[in-house]
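These are my notebook entries on a protein structure, written down in the order in which I looked things up.

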Amino acid sequence: MAAIDILSALNKTGSGINLKDLSAQLVEAATAAPKAAAQARIDSADLSISSLGTLRAQLTRFADGLTALQAADPLTVRSSLSAVGAKITDRSAVRPDTTQVGVLQLARAQVLEFGGFSSAEQALAAGTITLDVGVWYTAADGTEAFAPRPGATSYIVNVTEGMTLKQLAATMGQLDGLDAAIVDKGDGTFSLGLAGQTGAGNAVRLSVAEAVRGSGLAVFDTTTRNAEIQVQAAQNAVLTLNGVTLQRETNTVGDLVPGVELTLAATGGPASISVGRDAAQAQANVAALVAQLNDTRSLLSSLTTRATAGTKAGPMAGDSTLQQMSQQLDALLRAPIAGYGDKPRSLADFGVRTAQDGSLYLDTAVFTKIFTANPESIDALFADRLSGSGVEVSGLVPPGFLPGTYSFRRDATTGQATFDGRPLAGVDLGDGRTAFAATAGRAAGMILTAGSGVTEGTVGYGRSLVSLLGDLLSGATGRDGALATATTRYTRTAQEAEDSLAQVADRAAALRDIYAVRFSAMEAAVSRFHSTSNYLDSLVAQWNKNND
């Protein structure tokens, strides 16, 4: 700042000092240090908030990338023909294999048409319609006969006098496993169409009891005229599995290829259903994971780097939140991943190495060797796993259930069973199997199903590295997460500094007022001194003149 000329040539009656500039200089000297300190805190907090925003954006991109990697599953199932669709429904049950599936006949639902009605609002006579589910067959005498399905429910529909065809369709459409609709034939007549479920054993028979014999409700009776009313017969899907012919009630089949659901779309084949893990996709996924890890670790490092000789400190150097986040990430990358076989896996097992600069890279030769020897091992990086050996495991995995391998034991004499050392509650399923439920402990809510001769088994549970990374990122970026807490802390720091600036401004204003009062008094005194001096000078001059 240029030096202030505090002498004023214009001030002839007062002190001759530029009191306005002097006051400003004194106020600046008294407030400059606290003002600079407050502004520095504001600038630092703003930079930290901006850096946290940059980190949040990177972590969000990382989380989105992890989701994409889970979707790009190297475990695939492929069908060589469009006639047979295939999708994986249970990863733990899938085994690498190729199965031949041919479709000789598609499953169909029985369709009935009751026609000849004048309108959808045509009134019907009173009575009851009983609907049974079962199978139509040709009896020994050549007539068509019906056998109800064992255990199936019979439905009775009460038709009140004056109920319309449309109302009947609505009522029957509410019955389990039955669709009903009114069809305008376009020739001046309307039909009631009924469709059951697919499968030969899901055909329907309608038996009518009229309130008044001959009233016309018997038109819906199919007991003796099923073939006349039937538009399409119910039938099973007929298919071949590796050359063996078999039948299923629906065109969605989930019990032929382990862990895979087949959808039969047309006759043909056989189709080759191939299940396996794609090596190229698996390697691309690991490479993408490494790249995303490097981006995140590099940003954390640049933000938290401490100043050294020739190196400038990062904007978040010394921040405990980011330091802890960086430590948690590095610890997670070094930690063993349990629940994927006899021994834990690690990122290094798949050829991920650390370069001299601290970045990660993929040794593709090591990865290829590991993947070729054990393709399923890649799940430790990208897919959670819950599997049983000797027992079937189902139900929700409790939050407190940790990755690892757990033992199932059942006493062959008493039938009492334990899981993870805790007793289980068993229910006989009536088919030689028993379902055991964990009602306490960290496995509470899980269900283990064992055959009659099974006395021991194991359950493996693994959470993939991608899932564990997702948990870490969610904890950091959530509403009450580490980044939100840190942002709140820096925002509070900036506000406190803003308050300090306001206090400094108030102090400066007060000092200016004080100096104004004091300097005004001083000027008044100096002016009086000047007035007295001028009077004395004039008096002396008059004396001297008189003496002359």
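Helix pair. I began with helices α5 and α8, and I wanted to know how their directions compare, parallel or antiparallel. In this predicted model, α5 covers residues 320–334 and α8 covers residues 465–477, and the two pack at an angle of about 170 degrees with their axes 11 Å apart. Angles over 145 degrees count as roughly antiparallel, and therefore I noted α5 and α8 as roughly antiparallel to each other. I then looked up the residues that meet between them, and found Met325, Gln328, Leu329, Leu332 and Leu333 on the α5 side, with Leu465, Leu468, Leu469, Leu472 and Ala476 on the α8 side.

Asparagine 202. Next I turned to asparagine 202, which has its place in the loop between β9 (190–198) and β10 (203–210). Is asparagine 202 buried or exposed? Its relative accessibility is 9%, and because buried means under 20%, I entered asparagine 202 as buried. When I left aside its neighbours within four places in sequence, I found asparagine 202 in contact with Val133, Gly134, Arg149, Gln197 and Glu249. With glutamate 249, the side chain of asparagine 202 also makes a polar contact of 3.5 Å.

Glutamine 356. I looked up a second loop residue, glutamine 356, which is placed between β17 (352–354) and β18 (360–362). Its relative accessibility is 88%, so glutamine 356 counts as exposed. I also checked its separation from leucine 124, and the two are 232 residues apart in sequence and 87 Å apart in space, C-alpha to C-alpha.

Backbone entries. I noted that the peptide bond from glycine 269 to proline 270 is cis, with omega near 15 degrees, and that proline 270 lies in strand β16, residues 268–277. Asparagine 242, in the loop between β12 (237–241) and β13 (244–248), has a positive phi of about 50 degrees although it is not a glycine. Aspartate 420 likewise has a positive phi, near 60 degrees, and is a residue other than glycine; I found aspartate 420 in the loop between β22 (417–419) and β23 (422–423), where it is partly exposed, with a relative accessible area of 28%.

Rings. Last, I looked up the aromatic rings and counted 9 aromatic pairs. Phe401, Tyr406, Phe419 and Tyr461 are linked by ring pairs into a cluster. I also recorded that the charged end of arginine 489 sits over the ring of tyrosine 490, 5.0 Å from the ring's centre.

Notes: Residues numbered from 1 in each chain as written. Predicted model: local features only at pLDDT ≥ 70, side-chain atom pairs only at ≥ 80, totals over all residues. Heavy atoms only, no water. Phe/Tyr/Trp six-rings, centres within 6.5 Å; stacked < 30°, edge-to-face > 60°. Lys NZ or Arg CZ within 6 Å of the ring centre and 35° of its normal. Helix = DSSP H or I, 4+ residues; strand = E, 2+ residues; numbered from the N terminus. Buried < 20%, exposed > 50% of the residue type's maximum accessible area, 1.4 Å probe, protein only. Polar contact = N/O pair within 3.5 Å; in protein donor to acceptor, adjacent residues only side chain to side chain. Contact = heavy atoms within 4.5 Å. Axes fitted to C-alpha atoms, helices over the stretch in contact; angles between N-to-C directions. Parallel < 35°, antiparallel > 145°, perpendicular 65-115°, else oblique.
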